[in-house]
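Me: Please take a close look at one part of the structure shown here. I should like a connected account that starts from a single helix contact and then sets it among its surroundings.

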Amino acid sequence: MGFLIRLLVNALALYLVSRTYAGVSFATGADVGSILIAALVLGIVNALIRPVLLLLSLPVNLLTLGLFTLVVNGIVLWLVASVTALDVAGFGAAIVGAIILAIISWILDAGVSALGLDGGRR
């Protein structure tokens with residue numbers, strides 16, 4: 001149940017980013033299934049590829065006091081856009097979109113936790 005809620009939160013966050021920021025959008029004709037697939041791919045990339053990217057960029061991340069993580073998050077969003085119906089205008093748009101996605105996901109996660117739908121996850 002927790003996986004399904006997390007998938008729906010990610011899908012809603014991606015949809016909201018595509019509606020609020022012009023640099024990130026879904027392809028014309030994208031339906032709910034396309035949004036759910038993009039959210040699933042985002043979850044898989046965040047679980048498998050993002051930790052490797054963070055480890056490889058650790059020296060740069062230390063020098064920038066963690067700000068390079070924003071670039072890694074942009075790379076992750078750009079990578080998801082390359083294999084799904086998500087469209088990103090460019091690498092800069094991917095970084096800005098990743099920042100907006102993080103903020104929206106944080107707000108939605110707080111709402112899910114406040115409603116008690118996260119199953120006690122902290």
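The part in question is the contact of H5 with H6, and the account of it follows.

Reply: This is a predicted model, in which local features need pLDDT of at least 70 and side-chain atom pairs count only at pLDDT 80 or more, whereas totals for chains, interfaces and linings use all residues. Residues are numbered from 1 along each chain as its sequence is written, and side-chain values use heavy atoms, with hydrogens and water left out.

The two helices are H5, residues 68-83, and H6, residues 91-115. Helices here are DSSP runs of H or I with at least four residues, strands are runs of E with at least two, and both are numbered from the N terminus. The axes of H5 and H6 come within 8 Å and cross at roughly 105°. An axis is a line fitted to C-alpha atoms, for helices over the stretch in contact, and the angle is taken between N-to-C directions on a scale from 0 to 180 degrees. H5 is therefore roughly perpendicular to H6, a term that covers 65 to 115 degrees, while under 35 is roughly parallel, over 145 roughly antiparallel and the rest oblique.

From H5, the contact (heavy atoms within 4.5 Å) uses Leu70, Val71, Asn73, Gly74, Ile75, Leu77 and Trp78. H6 contributes Phe91, Ala94, Ile95, Gly97, Ala98, Ile99 and Leu101. By class, 11 of the contact residues are nonpolar, three are polar and none is charged. In this division Ala, Val, Leu, Ile, Met, Phe, Trp, Tyr, Cys and Pro are nonpolar, Asp, Glu, Lys and Arg are charged, and the others, Gly among them, are polar.

Three residues of this contact show how it relates to the rest of the chain. Leucine 77 is in contact with Ala94, Gly97, Ala98 and Leu101, and also with Leu14, Val24, Leu86 and Val88, leaving aside its neighbours within four places in sequence. Alanine 94, in helix H6, touches Gly74, Leu77, Trp78 and Val88 when residues up to four places away in sequence are not counted. With a relative accessible area of 0%, alanine 94 is buried; buried means under 20%, exposed over 50% and partly exposed in between, with a 1.4 Å probe and protein chains only. Isoleucine 75, in helix H5, is partly exposed at 28% relative accessibility. Beyond four places in sequence, isoleucine 75 is in contact with Leu53 and Phe91.

How many residues does the largest nonpolar core have, and which of them have the most contacts inside it? That core has 23 residues, and Leu14, Leu77, Leu86 and Leu101 have the most contacts inside it. Such a core is a set of buried Ala, Val, Leu, Ile, Met, Phe, Trp, Tyr and Cys residues joined through side-chain atoms within 4.5 Å. At least two residues of the core come from each of helix H1 (2-20), strand E1 (24-26), helix H2 (32-48), H5, strand E2 (86-88) and H6.

H6 is also joined to H1 by a charged pair. Arginine 6 forms a salt bridge with aspartate 109, and their closest N and O atoms are 2.4 Å apart. The rule asks for a side-chain nitrogen of Lys or Arg within 4 Å of a carboxyl oxygen of Asp or Glu, and by it the count comes to one salt bridge. Since arginine 6 lies in helix H1 and aspartate 109 in helix H6, the pair ties together parts that are 103 residues apart in sequence. Arginine 6 is partly exposed, at a relative accessible area of 28%.

Other residues of H1 complete this side of the picture. Asparagine 10, also in helix H1, is buried at 11% relative accessible area; leaving aside neighbours within four places, asparagine 10 is in contact with Ala39 and Ser105. Leucine 7 lies in helix H1 and is buried at 15% relative accessibility. With neighbours within four places again set aside, leucine 7 is in contact with Leu36, Ala39 and Leu40.

Finally, the loop between helix H4 (58-63) and H5 holds leucine 65. Phi of leucine 65 is near 55°, a positive value in a residue other than glycine. At 78% relative accessibility, leucine 65 is exposed.
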